[in-house]
Structures are given as C-alpha cells and as structure tokens.
Amino acid sequence: MDNSGPSRRLIMGNWKAGCTTRAAAAELTRALAAALPAPPPGVQVVLLPPFTALEVVSGLLPPDSSLGAQDIFWEDAGAYTGTVTGPMLTDLGCSCALVGHSERRRLLGETDEQAARKILACRRHGLLPVLCVGESLDQREAGQTEAVLRRQVGAALADCPPGPLAVAYEPLWAVGTGRAATTGDCAAGLEVIRAAVAAAWPWALRVPCLYGGSVTAGNCAGFWHEGTADGALIGGASLRAEEFAAICRQAAVGESGGS
Ligand code: PGA
C-alpha cells in the first residue's frame, strides 16, 4: 500500500461490527465497487471489515483499494485464545491494521503499552500500523488534550524505531456521536500529534495523520483543507456505499480533485 508523498490521501472505512454476515459484507463491497469504478486520483481507499469478512471482501475490492484489519494481536502465534495475529492478516491480504482504537481502549481496557507492542507486530509483518489516539470529553474539558495526545503517541512509539506509520486523531467525544470536531480542533490536534511523532522519531519520513469522528460526505473536505488531515478514518458513513464513495471522490488530489 503506497501512501507516500505529500499529495496522497488515505481514506479508511472502519466497518467495526457493522456488517455481521459475509453476505452483508459482500453486498456492501459490491455496492462500493460499483460506486467507485476507478480510484479517485491521489486517494488510497482502504476497507476494514470485521475479521470474519476479510476473505470475502478481499475478492471483491474496488480497483486499487486495499484491505486492512481493525486490530492485531502483538504475538505471532501460540497459546493466545481468540486472537488474530500478523501472519493471519497478511495471509488474508491485509496491508494495514488499526492499533489502539478508542472503542478497544474503552471497552476492552487496551493500553498504550499494548498499542506499542501491536505496532511492533505490524512492523514484523509489513503491515502499516494506523495508531488511533484521542482525548475524552472529560480530558478535553480539563484542558488535558495536548498531554493525552503526547502521552498516547509517545508511549506507542517509545520502543519502536522509525518506520511506516499512520496516526488517526479521533477525539472520543466525536467518535460515533454525530458531533464531529471542528476543523480548528482537528488542525490543533494534528499539530500536537505531528510534533509528538517528530519528538519520538526525529528523522522519520512523513507520517500521514488522519482525522476520524463523525466524518460524513457533508463535512469531510474541511478536515483535509482547513483541518490539515492527510485523510480520514470513517466509521458509520463507511457502511453507506454511496456516501463513502462520495467522501473518496472529495478526497481526490490534483487535476480532477482541484485540491
Ligand atoms: P465514526 O467512527 O465515523 O462512526 O464516528 C470513526 C471511528 O471510530 O473510526
């Protein structure tokens, strides 16, 4: 998956547990392939279906789009009941994996240390880790946003040498709430995140930084224009083929995208 270069945008559809059967996943992928017969210029589209649908989706992907996983376990194989590991994901054709999504942190108690180990697991298997970070509403109201973002990024990268990485800024109060961040909030969060990555990896190549949290076809463009995001991580709207395709088209870069 090539997401290098300043003019590329990464648009990721995180289906969560939103498509519960393989038939439903196939139907959604087919609808998306029909709505996106050619990839918009400069846009890398990535679909993140549930683990159980990875295989069926991989055979139906829209042209030039890629497959990713919503999570990865930090070990490769062994007595780890219920886990899905790097070798399993690469065998299914995944090119990236989310790490530290807020729903896993909040509901399953995932920690910064586990995120760090998952990034190393991605690294071992050539998967692009997409580290998800973001502050809760309480943390925001207590003025802790910068400290939380710096801690989450710093801890996740502490023991990891520079390498392929993307980071998604997903304020918890914006995820799944219908209350997206403003483009100003987005730009401010991404500035902190970019500085934290630069502090951890002073010689790093450019790390794409995305925004996620109630992104729709109606608000997406502001996140990459005023919001400075290099793309978006999209939950609810990624389950609606026409809307997700419209977001991908609006992310087009260059001649036809005009941005
Ligand atoms: P949402 O989810 O677009 O439904 O807010 C985003 C995410 O959790 O990645």
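This is a guided tour of a predicted model, stop by stop.

**Whole chain**

Start with the full chain in cartoon view. Count 10 helices and eight strands. The radius of gyration is 17 Å, close to the 18 Å that the globule rule gives for 259 residues, so the chain is as compact as a globular protein of that length. Along the principal axes, the C-alpha atoms fill a box of roughly 50 × 45 × 35 Å. Colour by burial next: 51% of the 259 residues are buried. Then turn on contacts. Of those with a separation of 6 or more, 72% link residues 24 or more positions apart.

**Helix 1 against helix 10**

Select residues 22-35 for helix 1 and residues 241-250 for helix 10. Their axes come within 9 Å and cross at roughly 40°. That angle makes helix 1 oblique to helix 10, because it falls outside the ranges for roughly parallel, antiparallel or perpendicular. The crossing of helix 1 past helix 10 is right-handed.

Show side chains at the contact. Helix 1 supplies Leu28, Ala31, Leu32 and Ala35. Helix 10 answers with Ala241, Glu242, Phe244, Ala245 and Arg249. By class, this contact holds seven nonpolar and two charged residues, and no polar ones.

**Helix 10 and its surroundings**

Keep helix 10 selected. Is it mostly covered or mostly open? Mostly covered: seven of its 10 residues are buried. Pick them out as Ala241, Glu243, Phe244, Ala245, Ala246, Ile247 and Cys248.

What do these buried residues pack against? Add strand 1 (9-14), helix 1 and strand 2 (43-48) to the view. Then add helix 9 (220-224) and strand 8 (231-234), which complete the list of elements they pack against.

**Two loop residues with positive phi**

Strand 1 leads to the next stop. Go to Lys16, in the loop between strand 1 and helix 1. Check its backbone: phi is positive, about 50°, although Lys16 is not a glycine. Lys16 counts as partly exposed, at 24% relative accessibility.

Now jump to Thr228. This residue sits in the loop between helix 9 and strand 8. Thr228 also has a positive phi, about 65°, and is not a glycine. Its relative accessible area is 34%, so Thr228 is partly exposed.

**Helix 5 against helix 7**

Clear the selection. Pick residues 112-124 for helix 5 and residues 145-157 for helix 7. The two pack at an angle of about 45°, with axes 7 Å apart. Helix 5 is therefore oblique to helix 7. Look along the pair: helix 5 passes helix 7 in a right-handed crossing.

Which residues meet here? From helix 5, select Asp112, Ala116 and Ile119. From helix 7, select Arg151, Gln152, Ala155, Ala156 and Leu157. The contact divides into five nonpolar residues, one polar and two charged.

**Leu120**

Stay on helix 5 and centre on Leu120. Leu120 is partly exposed, with a relative accessible area of 30%. Beyond residues up to four places away in sequence, Leu120 touches Asp159 and Cys160. Draw a distance to Cys132 as well. Leu120 and Cys132 are 12 residues apart along the chain, and their C-alpha atoms are separated by 15 Å.

**Helix 7 against helix 8**

Hide helix 5, keep helix 7, and add residues 183-200, which form helix 8. Helix 7 and helix 8 pack at about 35°, with axes 9 Å apart. Their crossing is right-handed.

On the helix 7 side, show Glu146, Leu149, Arg150, Val153 and Leu157. On the helix 8 side, show Gly189, Val192, Ile193, Ala196, Val197 and Ala200. The classes here are eight nonpolar, one polar and two charged. Leu157 is one of the helix 7 residues in this contact, and Leu157 also takes part in the contact with helix 5.

**Ser136**

Finish at Ser136. Find it in the loop between strand 5 (128-133) and helix 6 (137-141). Leaving aside neighbours within four places in sequence, what is Ser136 in contact with? Leu172 and Trp173. For a last distance, draw a line from Ser136 to Arg22. Ser136 and Arg22 lie 114 residues apart in sequence and 33 Å apart in space, C-alpha to C-alpha.

Terms used: Residues numbered from 1 in each chain as written. Predicted model: local features only at pLDDT ≥ 70, side-chain atom pairs only at ≥ 80, totals over all residues. Heavy atoms only, no water. Axes fitted to C-alpha atoms, helices over the stretch in contact; angles between N-to-C directions. Helix = DSSP H or I, 4+ residues; strand = E, 2+ residues; numbered from the N terminus. Parallel < 35°, antiparallel > 145°, perpendicular 65-115°, else oblique. Left-handed = near helix turned anticlockwise from the far one by under 90°. Contact = heavy atoms within 4.5 Å. Nonpolar A, V, L, I, M, F, W, Y, C, P; charged D, E, K, R; others polar. Rg over C-alpha atoms; globule rule 2.2 N^0.38 Å. Buried < 20%, exposed > 50% of the residue type's maximum accessible area, 1.4 Å probe, protein only.
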